[in-house]
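Open the model in your viewer and set it to cartoon. This tour moves from one selection to the next.

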Amino acid sequence: MALDTIIKLENATIAHPDNTIITNANLDIQKGELVYLIGRTGSGKSSLLKTFYAELPLSKGTGTVAGFLLNGLKTRQIPYLRRKLGIVFQDFQLLTDRTVFKNLEFVLKATGWKSKTEIERRIHEVLDKVGLSHKDYKMPNELSGGEQQRVVIARALLNEPEIILADEPTGNLDPETSKGIMSILSEISRNGRAVLIATHDYALLREFPGRIIKCENSMLIELSSNELQQIEE
């Protein structure tokens, strides 16, 4: 059975109002794929992710994410696109004034969940997936960095997204904790979701193999695993 395409770019230009970042980009990402986005700081990794979750409009070409056409995407459509995505940030962006449970409850209520029973069931499901079901009562500042990032992944999974977009998800974590986070993200892709990770941590690419896309000279270039060994940041 053919895999389903979750992200597709054709001859796409990624640009800020005063600066073209990536030109003539072509990309296909399928369900169940683990894809890494690498490249120097400023090469366009974060801008590409922002285009996928409609924080940055697509300048030229065509792009589709989770069934939504990025060209001319209306403001009112953006929340519906984002419900199809799970976004994981380097700096966690958890609400510091409430518990882990209340952080996740806030997201579910904001996206239309009404039943208290269903909300509790879903929160416990996603926390169980990331190994934190016993810490739902903790405040974010009572958790380690790795535990906070696990909460962020749990939050990203709440609405059964079709793709996880992760921007430097291990950037603030030590190597051992980073492996734990990557193990979770790798498992998510094996369960049928696409996972796209912008990272500088090449050690993780070797331990958790996936497709590698490099942002370089305003282009997207797919690398083989052999070429990975020749990369120098």
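Start with helix H5 and strands E6 and E7. H5 lies across E6 and E7. Its direction runs at about 165 degrees to E6. Keep in mind that this is a predicted model.

**The sheet**

Now select E6, E7, E8, E3, E9 and E10, in that order. These six strands form an open sheet, and the pairing is mixed. Look along the sheet: from one strand to the next, the twist averages 20 degrees.

Which strands stand at the edges? They are E6 and strand E10 (219-223). Each has a single partner strand, so one side of each is left without a neighbour in the sheet.

Zoom in on E6 and its partner, strand E7 (residues 163-167). The two run parallel and are joined by four bridges. Show Val 88, then look opposite: Ala 166 in E7 is there.

**A helix on the sheet**

Next, select helix H1, residues 45-52. H1 packs on the sheet. The strands it touches are E3 (34-38), E6, E7, E8 (194-198), E9 (211-216) and E10. Compare directions: that of H1 makes about 150 degrees with that of E7.

**The cavity**

How many cavities of 30 Å³ or more does a search of the whole structure find? The search finds one. About 30 Å³ of space lies in the largest cavity.

Show its lining as sticks: Leu 49, Tyr 53, Ile 87, Val 88, Phe 89, Leu 165, Ala 166 and Asp 167. Val 88 and Ala 166, the opposite pair from E6 and E7, are both in this lining. E6 and E7 each supply at least two residues. E7 gives the most, with three. Colour the lining by class: seven residues are nonpolar, none is polar and one is charged.

**The largest pocket**

Finally, move to the largest pocket, with a volume of about 580 Å³. Which residues lie nearest its centre? Select Arg 82, Leu 85, Ile 87, Val 107 and Arg 155. They are among the 22 residues that line the pocket. Ile 87 also lines the largest cavity.

Now colour by element. Helix H2 (78-83), strand E6 (85-88), helix H3 (100-110) and helix H5 (145-157) give two or more residues each to the pocket lining. H3 gives the most, with four. By class, the pocket lining divides into 13 nonpolar, five polar and four charged residues.

End where you began, on H5: this helix lies across E6 and E7, and H5 also helps line the largest pocket.

Terms used. Residues are numbered from 1 along each chain as its sequence is written. This is a predicted model: local features need pLDDT of at least 70, side-chain atom pairs count only at pLDDT 80 or more; totals for chains, interfaces and linings use all residues. Side-chain values use heavy atoms; hydrogens and water are left out. On a 1 Å grid over the protein atoms alone, a cavity is a set of points where a 1.4 Å probe fits but cannot get out, and a pocket is an open set with protein on both sides within 12 Å along at least five of seven lines; lining residues have an atom within 4 Å of a point. Grid points are joined across faces, edges and corners, and a volume is the space filled by probe spheres set on the points. Ala, Val, Leu, Ile, Met, Phe, Trp, Tyr, Cys and Pro count as nonpolar, Asp, Glu, Lys and Arg as charged, and the others, Gly among them, as polar. Two strands pair if DSSP finds at least two bridges between them. Axes are lines fitted to C-alpha atoms, for helices over the stretch in contact, and angles run from 0 to 180 degrees between N-to-C directions. Contact means heavy atoms within 4.5 Å.
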